[in-house]
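Thanks for sharing this one. Here are a few notes to read alongside the coordinates, starting with a pair of helices and ending with a histidine.

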Amino acid sequence: MIKLKWITCGMIVLASTFLGCSSAKKKSQPVLAPAMVSPKPPPVSPTPVVDSVHKDAVAILTPIAVTTDPSRESFQQLLTPEQKVEELHTTGIQRNYGFAPAIHYDLRKPQFVMIHHTSQNSIAQTIRTFQLEHTQVSSHYVIGRDGQVVQMLNDYDRAWHAGAGKWGNITDMNSVSIGIELDNNGKEPFSDAQINALLILLNNLKSKYRIPQTNFIGHSDYAPGRKDDPSTYFPWEILAERGYGIWYNANYLAPPPPTFNSTDALRIIGYDTSNLRTAVRAFKKKYIRTDLSPELTPYDIMVLYDLYRKYY
């Protein structure tokens, strides 16, 4: 005969069958300090709404509650960078509408790679710089002089490495690019180990995200006059041979036709020609190196023409 027994949680169960919610003494558990997490909205009962397009489909839309904490600014200061990103995700949902999550989506897809030099003295110093709250700067990868590669952000995350500038029609390069910092003070050649590690990384990025050859650029390309990295020591010609960026053929330079417009060519390549002098200097720093004057010489124009007809 099976007996019925009252359990302390207020339910009647078959004593010989169920063991959960027992009235037996429980072992004491250690009390853990609550983790710092984003405040969660109170639960709201879902309201069924009939889809206006498909009359026979019913979507459950849950209104989003908004936290109105007067000390929210102080709370934000206590959050880690990861928790701040989580908070940003919550602000991306409109508070006045119901929310029914779709299942087909992805994160941002990198379309460019931007190369920098750190202007610092060690990879440890750069990593520390990217982890300090007040610096407000970051990059996806840092490569040391010895070839050590450290990834600091997911490729799909938006790093803060490009800043203000323009390349073609793009004025927010951070949103479409991967930033790579090379440990170099800007006054010395880049080591073979460092460049070899960079080439391996670029091969992985190009293959994975199908980044076009013309979309591997330097910081000074995007922000001429404001940034000068990577320096004139950087071997763009070696990268171009592997398909990362562009370079001219010094053995086959020829004068352009009379109709060739050098300003238009610079703009088509990607340079912001609203300040033509800074655009010319950025171009010459990368491709000429020995002459950084803000005017194009006949030789410079032949280099520009070769790049234009070869890639564009």
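1. H7 and H9 sit oblique to each other. Their axes make an angle of about 50 degrees, and because angles from 35 up to 65 degrees are neither roughly parallel nor roughly perpendicular, the pair falls in the oblique class. The axes lie 10 Å apart, and the crossing is left-handed. Please keep in mind that this is a predicted model.

2. Which residues make this packing? From H7 come Ser 262, Ala 265, Leu 266, Ile 268 and Ile 269, and they meet Leu 304, Leu 307 and Tyr 308 of H9.

3. H9 itself covers residues 298-311, and its length checks out nicely. With 14 residues at 1.5 Å a residue, a span of 20 Å is expected, and the end C-alpha atoms are indeed 20 Å apart.

4. Several H9 residues are buried: Asp 300, Met 302, Val 303, Leu 304, Tyr 305, Asp 306 and Leu 307. Their cover includes helix H7 (262-269) and helix H8 (276-287). Leu 304 and Leu 307 are thus worth a look on screen, as they are buried and also take part in the contact with H7.

5. Now to His 116, which belongs to strand E6 (residues 112-117). Is this residue buried or exposed? His 116 counts as buried because its relative accessible area is 1%, under the 20% cut-off.

6. Around His 116, leaving out residues up to four places away in sequence, the contacts are His 161, Gly 179, Ile 180, Glu 181, Leu 182, His 219 and Asp 229. With His 219 there is also a side-chain polar contact of 3.1 Å.

Technical notes. Residues numbered from 1 in each chain as written. Predicted model: local features only at pLDDT ≥ 70, side-chain atom pairs only at ≥ 80, totals over all residues. Heavy atoms only, no water. Helix = DSSP H or I, 4+ residues; strand = E, 2+ residues; numbered from the N terminus. Buried < 20%, exposed > 50% of the residue type's maximum accessible area, 1.4 Å probe, protein only. Polar contact = N/O pair within 3.5 Å; in protein donor to acceptor, adjacent residues only side chain to side chain. Contact = heavy atoms within 4.5 Å. Expected span 1.5 Å × (residues − 1). Axes fitted to C-alpha atoms, helices over the stretch in contact; angles between N-to-C directions. Parallel < 35°, antiparallel > 145°, perpendicular 65-115°, else oblique. Left-handed = near helix turned anticlockwise from the far one by under 90°.
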